[in-house]
Amino acid sequence: NVSGGTVFYTGFDVPAFSAYRERLATAQPASWSRDEQLAFWLNAYNASVIALVLQHPGFRLVSNADGFFDRDSVRIAGRTLTLNSIENEVIRPLFREPLVYFGVVYPAVSSPRLPNRAFRAATVRKVLRQQARTFIRSEEGAVLDVGANVLMLSQLFEWHRADFETEGRTLLDFVVQHVRDTEAAYIAIHRKDLTIKFL
């Protein structure tokens, strides 16, 4: 039900998905390994987005669904949580790494794409790095305007800038790891004069 980041939401309106959500509600991930917990919470967030979209049939933009992120709730690991609380009270403080933003997928074209497979502990970090690279190399993620010496970045980087700028690293330090080699070379030469703006 996911292809190229496009989600066929009604394809999830099946008993198997409902059963999965029931398992999410009663899971006890606290004793699991860090990567198992990371995969669990990313999958739980994305499944919750899909479930809440199904509860708002017919709407075209999540901004038109009142309370979608901060009032509509789901049950996960014995807790009643909103999408905002999953992201800001669980995922961000528990994992403290910016790669999580390429696994927490918003239902919007400008968001990183939802993978067509659930995250697994054994490969979650590899997939997140791939997700980051794919998104940053897309027109929604980062656009380098050489003529104006401007790097335009997704608002995702503006919203979570503090999480990308930790341990003495800048936002540009993170982005340059994932751009194409030619763009990385340009940034290295023009870094001092490069202006960052947000799409």
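Exposed means over 50% relative accessible area, buried under 20%, and partly exposed in between (1.4 Å probe, protein chains only). The views below come from a predicted model, where local features need pLDDT of at least 70, side-chain atom pairs count only at pLDDT 80 or more, and totals for chains, interfaces and linings use all residues. Residues are numbered from 1 along each chain as its sequence is written, and side-chain values use heavy atoms, with hydrogens and water left out.

**View 1. Arg96, in the loop between H3 and helix H4 (124–136).** Helices (H or I, at least four residues) and strands (E, at least two) are DSSP runs, numbered from the N terminus. Arg96 counts as exposed because its relative accessibility is 69%. Take a look at its backbone too: Arg96 has a positive phi of about 45°, although it is not a glycine. Most residues other than glycine have a negative phi.

**View 2. Ala77 and Gly78, in the loop between strand S3 (73–76) and strand S4 (79–82).** Ala77 is not a glycine, yet its phi is positive, at about 50°. Gly78 has a relative accessible area of 40%, so it is partly exposed. If we set aside neighbours within four places in sequence, Gly78 is in contact (heavy atoms within 4.5 Å) with Ala25 and Ala27. For a sense of scale, the C-alpha atoms of Gly78 and Glu36 are 17 Å apart in space, while these two residues are 42 residues apart in sequence.

**View 3. Helix H2 (residues 34–55) packed with helix H3 (residues 83–95).** The two axes lie 11 Å apart, at an angle of about 165°. Axes here are lines fitted to C-alpha atoms, for helices over the stretch in contact, and angles run from 0 to 180 degrees between N-to-C directions. H2 and H3 are therefore roughly antiparallel to each other; angles over 145 degrees earn that label, under 35 count as roughly parallel, 65 to 115 as roughly perpendicular and the rest as oblique. On the H2 side, the contact is made by Arg34, Gln37, Leu38, Trp41, Leu42, Tyr45, Ser48, Val49 and Leu52. Their partners on H3 are Leu83, Ile86, Glu87, Val90, Ile91, Leu94 and Phe95. Sorted by class, this contact has 12 nonpolar, 2 polar and 2 charged residues. Nonpolar covers Ala, Val, Leu, Ile, Met, Phe, Trp, Tyr, Cys and Pro, charged covers Asp, Glu, Lys and Arg, and polar covers the others, Gly among them.

**View 4. A closer look at Ser48 of helix H2.** Is Ser48 buried or exposed? Ser48 counts as buried because its relative accessibility is 3%. Apart from residues up to four places away in sequence, Ser48 touches Val74, Ile76, Leu83 and Ile86.

**View 5. Ser33 and the meeting of helix H1 (15–26) with H2.** Ser33 is found in the loop between H1 and H2. With a relative accessible area of 36%, Ser33 is partly exposed. Its C-alpha atom and that of Arg191 are separated by 39 Å, and the two residues are 158 apart along the chain. The axes of H1 and H2 come within 11 Å and cross at roughly 130°. H1 and H2 are therefore oblique to each other. From H1, the contact takes in Phe17, Tyr20, Arg21 and Leu24. H2 brings Phe40, Asn43, Ala44, Ala47, Ile50 and Ala51 to this contact. Between H1 and H2 the tally is 8 nonpolar, 1 polar and 1 charged residues.

**View 6. H2 packed with H4.** Here the angle is about 50° and the axes are 10 Å apart. H2 and H4 are therefore oblique to each other. H2 makes the contact through Arg34, Asp35, Leu38, Ala39 and Leu42, and H4 through Val124, Arg125 and Leu128. The residues divide into 5 nonpolar, no polar and 3 charged.

**View 7. The largest nonpolar core, with 59 residues.** Such a core is a set of buried Ala, Val, Leu, Ile, Met, Phe, Trp, Tyr and Cys residues joined through side-chain atoms within 4.5 Å. Which residues touch the most other members? They are Trp41, Ile86, Ile91, Phe102, Leu151 and Phe157. H2 gives the most to this core, with 13 residues. Leu151 makes a good place to zoom in: leaving out residues up to four places away in sequence, Leu151 touches Ala142, Val143, Leu144, Leu172, Val175, Ile187, Leu194, Thr195, Ile196 and Lys197.
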